[in-house]
Amino acid sequence: MRETPRPQGTAGDSRAEPPQRRLGRALAHTDGASGSGSPHRSDRRPPHTPRGVRHTGPGGRPGTTPPVPGRPASRAAIPAALLLLFAVVTWQVVADGPLARLDVRAGRALAGRGPVPLTELLADLGSVPVAAPVLAAAMAYAVWRGRRGPALRAGLALALVPALVVPLKVLVDRAGPLTAETGYYPSGHTATALVAYGGAALLLRRRWAVPVAALLTVATGTGLVLRGYHWPLDVVGSVCLFGWLYSAGLLVSSIRRRRSSSRTPSRRTGPS
């Protein structure tokens, strides 16, 4: 049976010609399909990520994941909102505005409600003898786990509560619900509960710890209002102020961790 000779030249054929262009086939790297008059899909089409703006790794390697936009701004909105709310509440209390007058009516209606033993117990959750040992136990646990820095910062935050609350009490000079004495804004017990239980939750690093800390803080404020020890805005102002301090501290810590991780070169094993 006779074989049909192949038109291709052999490897030693010096007259081998370059491949000819075949009509009717679109080439990916030509200006366009033959006779189409328009560019091919893969021609003159900018890539999804231009080479000039691609993010490289610490060693100059391409292909790293670009930073996600919007996260720092969204996190910064929380402390900004708390600080703004604290400023509005303080202004209303000092100026005896409509919000403060509504607060007085609500406080008088709520004072004395509920069983006294229970409301007294809830109010005592914000006292230093009750809240400070909880934070101390969490600090000891954090030090045992090798997190001495966060433990020291949590203890310092609790120590700074009187330094912030006492001057504000003197400046605002607000009278209490059941007494003519002044110095009730913001609530020191609420601040102590938020800092102590919130700091313990952050040190424990457990999912259930943060909701429990929030519940204990809300219970403290509820007990203070029901017992007539504070107006509702005294509790709200304290939560806004120290919630702002805590959220701002968390934001700064997250930014520092992100910067330190970006400066540390990643260990990648390549071909030797």
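# Exercises on an all-helix model

Trp91 is placed in helix 1, which spans residues 71–95; helices (H or I, at least four residues) and strands (E, at least two) are DSSP runs numbered from the N terminus. The model is predicted: local features need pLDDT of at least 70, side-chain atom pairs count only at pLDDT 80 or more, and totals for chains, interfaces and linings use all residues. Residues are numbered from 1 along each chain as its sequence is written, and side-chain values use heavy atoms, with hydrogens and water left out.

## Exercise 1: The chain as a whole

**Task.** State how many helices and strands the protein chain has, and what percentage of its residues count as buried.

**Solution.**
- Step 1. The protein chain contains nine helices and zero strands. Along the sequence, the pattern reads α-α-α-α-α-α-α-α-α.
- Step 2. Burial is judged by relative accessible area: buried means under 20%, exposed over 50%, and partly exposed in between (1.4 Å probe, protein chains only). By this criterion, 29% of the 272 residues of the protein chain are buried.
- Step 3. A contact means heavy atoms within 4.5 Å. Of the contacts in the protein chain with a separation of 6 or more, 68% are between residues 24 or more positions apart.
- Step 4. The accessible surface of the protein chain is about 18,800 Å², and carbon and sulfur atoms hold 62% of it. Accessible areas come from the Shrake-Rupley method with a 1.4 Å probe; for residues, only the protein chains shown count as cover.

## Exercise 2: A nonpolar surface patch

**Task.** Identify which residues make the nonpolar surface patch of about 330 Å², and classify Trp91 as buried or exposed.

**Solution.**
- Step 1. Patches are made of residues with over 30% relative accessible area and no salt bridge; like charges are joined within 9 Å, and nonpolar side chains (Val, Leu, Ile, Met, Phe, Trp, Tyr) within 5 Å.
- Step 2. The patch consists of Leu84, Val88 and Trp91.
- Step 3. Trp91 counts as exposed because its relative accessibility is 55%.

## Exercise 3: The network around Arg174

**Task.** Find which residues are joined with Arg174 into one network by salt bridges.

**Solution.**
- Step 1. Side chains of opposite charge can pair when their charged atoms come close. Here a salt bridge is a side-chain nitrogen of Lys or Arg within 4 Å of a carboxyl oxygen of Asp or Glu. The structure holds three of them.
- Step 2. One joins Arg174 to Asp103, with 2.8 Å between the closest N and O atoms. This pair links distant parts of the chain, 71 residues apart: Arg174 is in the loop between helix 6 and helix 7, and Asp103 is in helix 2 (residues 98–110).
- Step 3. Arg174 is buried because its relative accessible area is 9%. Asp103 is buried as well, at 5%.
- Step 4. Arg174 also meets Asp234 in a salt bridge (2.9 Å, N to O). Asp234 lies in helix 9, so this pair ties together parts that are 60 residues apart in sequence. Both partners are buried.
- Step 5. Shared partners thus join Asp103, Arg174 and Asp234 into one network.

## Exercise 4: The pair Glu120 and Arg227

**Task.** Determine where Glu120 and Arg227 lie, and give the relative accessible area of Glu120.

**Solution.**
- Step 1. The two side chains form a salt bridge of 2.7 Å, N to O.
- Step 2. Glu120 belongs to helix 3 (residues 116–124) and Arg227 to the loop between helix 8 and helix 9, so parts 107 residues apart in sequence are tied together.
- Step 3. Glu120 is partly exposed, with 24% relative accessible area, and Arg227 is partly exposed at 22%.

## Exercise 5: Backbone features in loops

**Task.** Say which peptide bond is cis, with omega near -5°, and give the phi of Asp173 and of Arg205.

**Solution.**
- Step 1. The cis bond runs from Tyr185 to Pro186. Pro186 is in the loop between helix 6 and helix 7.
- Step 2. Asp173, found in the loop between helix 6 and helix 7, has a positive phi of about 55° although it is not a glycine. Asp173 counts as partly exposed at 43% relative accessibility.
- Step 3. Arg205, in the loop between helix 7 and helix 8 (209–226), has a positive phi near 60°. Arg205 is exposed, with a relative accessible area of 56%.
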